[in-house]
Amino acid sequence: MATGNNSVRSLEHTPTWALAVVCFFFIAISIVLEHCIHLLTNWLKRHRKTALCDAVDRLKSELMLLGFMSLLLAVTQEPISKICIPPKYADKMLPCRRLVEDQSANTTDPCTSKGMVSLVTQKGIQQLQIFIFVLAVMQIVYSVLTMALGRLKMRRWSAWEKETQTTEYLVANDPNRFRFTRQTTFGRRHMSSCTETSLQLWTKCFFRQFFRSVVKVDYITLRHGFISAHLAPNSNFNFQKYIRRSLDEDFKVVVSISPLMRFIVVIFLLLDVHGWHVYLWVSCVPLLIVLILGTKLEVIVERMALQLKHQNYVIKGTPLVKPNDNLFWLGDPRFVLTLIHYTLFTNAFELAFFIWVSIEFGWDSCYHEHTVITAIRVVLAVTVQVLCSYITLPLYALVTQMGSQYKGKALEEQTAKIIKQWHAEVRERRKRQEQSLQSPRTSWTTEWSPRRSSVTESSSLLRQCRLGGSPTSKGEIVEVEEEESVRNEAAWSRFRSMAPMLELQAVKRDGRWKERE
């Protein structure tokens, strides 16, 4: 029995050591993969990367769903292969014409004896399993690569953010300084020419996205508009870190494969008919979306500048743009993220399909019979990847902050940090106050202890010192009160500057600030 046909040999006639080696190999890979994900999650938690930690959880869910789909296909491949259809339907909408003879000559088809053919053979289901795996891997790789390259392009923003804290910046953007709107750097960049008609504006913005799509003056102006709309004026707010946290939140959406995306894959597979060249046109769609999206984001900045021009010919301080959801398509900045998600997924599908065909069918497959079309599809996939990483994503990260709402989850970490810092300062001031009251500099401090005296006694004693105390005691008490008042006012002003965006209920509900305390 063991010397029979090895291609159909079952586990009954398979050596136990071979079976054990294969099982050990896959179990070891699973353990290593699980341990790597566990280490990554712990590292993100230690560095308080909550959004990226959620993205890893989303990734684990996608892998679990992938495993379930593969298991389901493996279990049901034999029943599916026994579903028979008439040959006339099997000859319609074929991806490769030359495969018709091979399918008709298949003697192992259980439907051949009935004069019919299988809906999908067992070999076809196995090839479909490999395609699903390659598609999921390419989606993850594409998303991570796009975010990594985009962040690399946005590293210069950190230097721009630090520049806003320098004396030179404060002098150059003096809030009491009057200037003509067109004479500002922001005005000269966006109000000079080609803004009379929509056609000229879109043409100008289309070419601008390829050359210095995001410059320092745009970053500083949009930063000033965001702070003025959502925070206290002249707030010491790190806009670059806020953008980085926002991208972490968006990464959770980009790395996942939504049900809509899965149905799009089904549509692509349905339309892959020989002679239609559907995948060539599909590969052009991401490029068009990226170009139009980059142009639209540049147009939004231009329109904010033109609104500023029409409202004020003379400005005071830094040009103040006004965030508004109406500047975006459908009045929703999140729609831009949906388009980016679709673009990355379609691009990942193109490259995954190319890799899958090359592995499963080789370079001589009918899928590659048109070498020029195949080369164009690969070049377009690489081009879209570069444009989306270095142009569209930085523009999206900056311009979409000009919506009417800010992202509250991106501020939770900073909110907890501010509360913790404010609480520490309050405790430090109380400690200094106790030390100053217990100091022997004044005669009344030796007779009063804050731990024994009540609030009423301390108040009456303080009034007596104010009314009848010595000049030296009066001066010391007034000095302590003034110093304490200045400290309280400074701390409260810093806390109050973040008040419009503090989501205290969410922070208290999650209990995160207690854990960090």
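## His277 and its loop

Is His277 buried, partly exposed or exposed? With a relative accessible area of 32%, His277 is partly exposed, because the partly exposed class runs between 20% and 50%. This residue belongs to a predicted model, and you can find His277 in the loop between helix H12 (259-270) and helix H13 (278-311). Have a look at the backbone there too: phi of His277 is near 55°, a positive value in a residue other than glycine.

## The chain as a whole

Stepping back, the chain holds 20 helices and 4 strands. Of its 517 residues, 41% are buried. The chain exposes about 30200 Å², and carbon and sulfur atoms supply 61% of that area.

Contacts that link distant parts of the sequence are well represented. Among contacts with a separation of 6 or more, 82% are between residues 24 or more positions apart.

## Trp329 and Leu330

Two neighbours in the loop between strand S4 (314-316) and helix H14 (334-360) deserve a look, and Trp329 is one of them. Trp329 is partly exposed, at a relative accessible area of 28%. Leaving aside residues up to four places away in sequence, Trp329 touches Trp202, Ile292, Leu293, Lys296, Phe335 and Leu339. Take Lys296 from that list: 33 residues separate it from Trp329 in sequence, while their C-alpha atoms are 8.9 Å apart in space.

Leu330 is also found in the loop between S4 and H14. Leu330 is exposed, with a relative accessible area of 71%. Its phi is positive, about 60°, although Leu330 is not a glycine.

## Helix H2 beside helix H11

Now to a pair of helices. Helix H2 (residues 50-81) packs with helix H11 (residues 239-254) at an angle of about 5°, and their axes are 8 Å apart. That angle makes H2 roughly parallel to H11, because angles under 35 degrees count as roughly parallel.

On the H2 side, the residues that meet H11 are Ala51, Leu52, Asp54, Ala55 and Arg58. Their partners in H11 are Asp248, Glu249, Phe251 and Lys252. Sorted by class, this contact has 4 nonpolar, no polar and 5 charged residues.

## The buried side of helix H9

Which residues of helix H9 (residues 198-208) are buried? They are Leu201, Lys204, Cys205 and Arg208. These buried residues cover an arc of only 95° around the axis, so they sit on the same side of H9.

Key:
Residues numbered from 1 in each chain as written. Predicted model: local features only at pLDDT ≥ 70, side-chain atom pairs only at ≥ 80, totals over all residues. Heavy atoms only, no water. Axes fitted to C-alpha atoms, helices over the stretch in contact; angles between N-to-C directions. Parallel < 35°, antiparallel > 145°, perpendicular 65-115°, else oblique. Contact = heavy atoms within 4.5 Å. Nonpolar A, V, L, I, M, F, W, Y, C, P; charged D, E, K, R; others polar. Buried < 20%, exposed > 50% of the residue type's maximum accessible area, 1.4 Å probe, protein only. Arc of directions from axis to C-beta. Areas by Shrake-Rupley, 256 points an atom, 1.4 Å probe, with all protein chains shown as cover.
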